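Trainee: Could we examine this model together, beginning with the packing and then turning to the charged pairs and the confidence?

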Amino acid sequence: MKIRKAALSDVPALLGLINDYAARGVMLPRTEFELCENLRDFTVALETVDGEETLAGCGALHFYTMQTAEVRSLAVAENRKTTGVGKKVVQALLEEARESKLDLVFAFTYVVGFFEKCGFEVVDRGSLPLKAWKDCVRCPKFSCCDETAVVCLLSPEAVANTQRTTINDAISLVEIKPLNAAWAMSPPGEEIRRPTPLNPGRVFQQR
């Protein structure tokens with residue numbers, strides 16, 4: 001298994017893998033233009049089959065502020081699920097985040113248990129930077145969001161700016177105090193709205 005940053009030659013395979021998940025409603029679709037525009041965000045997992053490299057999985061680390069980034073477009077080929085491919089991709093993305101001296105990395109997911117095994121915790125979505133919700137308006141589930149937000153704290157500053165609230169015996173919710181004033185600001189010329197949780201009474205339901 002080879003883990004490396006994505007190249008332009010990977011784009012067709014990335015489109016096929018990501019949009020297959022998007023067709024099932026578990027990931028936002030991506031266009032060729034979007035992938036090329038954000039290609040430097042992507043890391044790929046490759047395996048050699050009959051002498052040719054095949055895409056086994058992928059993931060992207062998308063920066064939002066000088067302190068934060070999101071793990072997004074995480075996907076594993078159907079025949080490589082439960083083989084550790086996804087975990088290796090996430091580990092590579094977290095190492096990239098550490099090299100960039102980020103304070104924290106977050107993600108939105110249907111598979112909370114997987115991310116918890118990678119060192120993430122469930123987070124109060126209201127404590128994430130507002131920019132994190134920029135792409136949500138494109139999602140068909142914007143008004144009935146059923147994903148969960150998770151976060152991995154990478155620095156002592158991030159740990160010092162969190163508090164944990166126990167909702168029940170199974171869930172400990174992390175709330176992060178803004179690490180800078182830009183968290184609550186929309187990019188210039190844009191107005192960002194947070195999506196509506198499917199079940200507003202369960203604050204740990206996300207995006």
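**Packing, charge pairs and confidence**

Mentor: Let us start from one residue: beyond its neighbours within four places in sequence, Val-105 is in contact with Leu-61, Ala-69, Glu-70, Val-71, Leu-94, Ala-97, Phe-120, Val-150, Val-151, Cys-152 and Leu-154. Contact means heavy atoms within 4.5 Å. This is a predicted model, in which local features need pLDDT of at least 70 and side-chain atom pairs count only at pLDDT 80 or more, while totals for chains, interfaces and linings use all residues. Residues are numbered from 1 along each chain as its sequence is written, and side-chain values use heavy atoms, with hydrogens and water left out.

Trainee: How many residues does the largest nonpolar core have?

Mentor: A nonpolar core is a set of buried Ala, Val, Leu, Ile, Met, Phe, Trp, Tyr and Cys residues joined through side-chain atoms within 4.5 Å; buried means under 20% relative accessible area, exposed over 50%, and partly exposed in between (1.4 Å probe, protein chains only). Leu-14, Val-71, Val-105 and Phe-120 have the most contacts inside the largest core, whose residue count is 38.

Trainee: Is Glu-96 buried or exposed?

Mentor: Glu-96 is found in helix H3; helices (H or I, at least four residues) and strands (E, at least two) are DSSP runs, numbered from the N terminus. Glu-96 touches Lys-5, Thr-43 and Leu-61, not counting residues up to four places away in sequence. Because its relative accessible area is 17%, Glu-96 is buried.

Trainee: Which residue forms a salt bridge with Glu-78?

Mentor: A salt bridge is a side-chain nitrogen of Lys or Arg within 4 Å of a carboxyl oxygen of Asp or Glu. For Glu-78, the closest N and O atoms of the pair are 2.9 Å apart, and the partner is Arg-24. Glu-78 lies in the loop between E4 and H3 and the partner in the loop between H1 and helix H2 (32-37), so parts 54 residues apart in sequence are tied together by Arg-24.

Trainee: Which residue forms a salt bridge with Arg-4?

Mentor: Arg-4 is partly exposed, at a relative accessible area of 24%. Its partner counts as buried, at 8% relative accessibility, and is Asp-10. The closest N and O atoms are 2.8 Å apart in this salt bridge of Arg-4 with Asp-10.

Trainee: In which element is confidence lowest?

Mentor: pLDDT is the predictor's confidence in each residue, from 0 to 100, and its mean over the protein is 79. Confidence is highest in helix H3 (residues 85-99), at 97, and lowest, at a mean of 59, in strand E9 (residues 172-176).
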